[in-house]
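Let's take a walk through this fold, one piece at a time. Have the sequence and the 3D view open side by side as you read.

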Amino acid sequence: MKPEKTKTAATSVANSAATGGIAATPCPCGSGRGYDACCGALHRTFAETGALTAPDAQALMRSRYTAYTLDLIDYLLATWHPDTRPETLERGERDLKWLGLEVRRHSRQDADHETVEFVARSKVGGRAHRMHEISRFVRVHGAWLYLDGQID
């Protein structure tokens, strides 16, 4: 099922990318590629068509991290498995600063199940935070979705 197409923050980011805004900057996910060629392509496709097109769980996880850095709430909810998805998500705290993502491991259990271990670093109110998670992903009707994660 495709989400209803609406003008969202993802649309604004996609429009910014098209005009040279964030597109020219390195992707927040730390891949080393520009936003437009990395997570921006997934965000833009979702904003324009409602389609989720991450080729694997690692790409989806990276695009979700980047979505958190950009407050793309619609994208985050759409990429969350319906069995574990919260009803709503709050935007990040005003002084939240995302500092980086380190992907430690990506493994495939079978054609439709993968895990990604990562560490995401942030700073809020002058205090540094580190989140270490092993996330589970499942492919449903061709689209990768975040199922849940074990946080250390």
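The axes of α2 and α3 come within 9 Å of each other and cross at roughly 80 degrees. Axes here are lines fitted to C-alpha atoms, for helices over the stretch in contact, and angles run from 0 to 180 degrees between N-to-C directions. The two helices α2 and α3 are therefore roughly perpendicular, a label that covers 65 to 115 degrees. Where they meet, Cys39, Leu42 and His43 of α2 touch Ala59, Arg62, Ser63, Thr66, Ala67 and Leu70 of α3, with contact meaning heavy atoms within 4.5 Å. Helices (H or I, at least four residues) and strands (E, at least two) are DSSP runs, numbered from the N terminus.

A word on where this comes from: it is a predicted model, in which local features need pLDDT of at least 70 and side-chain atom pairs count only at pLDDT 80 or more, while totals for chains, interfaces and linings use all residues. Residues are numbered from 1 along each chain as its sequence is written, and side-chain values use heavy atoms, leaving out hydrogens and water.

Now stay with α3, residues 57-70. At 1.5 Å a residue (times one less than the number of residues), its 14 residues should span 20 Å, and the end C-alpha atoms are indeed 20 Å apart. At the start of α3, a side-chain oxygen of Asp56 comes to within 3.2 Å of the backbone nitrogen of Gln58. Right after the helix α3 sits Asp71, with a positive phi near 55 degrees.

How much of α3 is buried? Buried means under 20% relative accessible area with a 1.4 Å probe, protein chains only, and 10 of the 14 residues of α3 qualify. Among them are Leu60, Met61, Arg64 and Tyr65. The cover over these buried residues includes α2 and α4, along with β1, β2, β3 and β4.

That brings us to the sheet. Its 4 strands are laid out in the order β1-β2-β3-β4, open and antiparallel, with β1 and β4 as the edge strands, each pairing on one side only. The twist averages 25 degrees from one strand to the next. Strands count as paired if DSSP finds at least two bridges between them. A hairpin links β1 to β2 through 2 residues, and 11 bridges hold that antiparallel pair; Lys97 stands opposite Lys123 in β2. Between β3 and β4 there are 8 bridges, and Glu133 has Ile151 in β4 as its bridge partner.

Finally, put the two parts together: α3 lies across β1, β2, β3 and β4, running at about 160 degrees to β1.

Notes: Buried < 20%, exposed > 50% of the residue type's maximum accessible area, 1.4 Å probe, protein only. Polar contact = N/O pair within 3.5 Å; in protein donor to acceptor, adjacent residues only side chain to side chain. Parallel < 35°, antiparallel > 145°, perpendicular 65-115°, else oblique.
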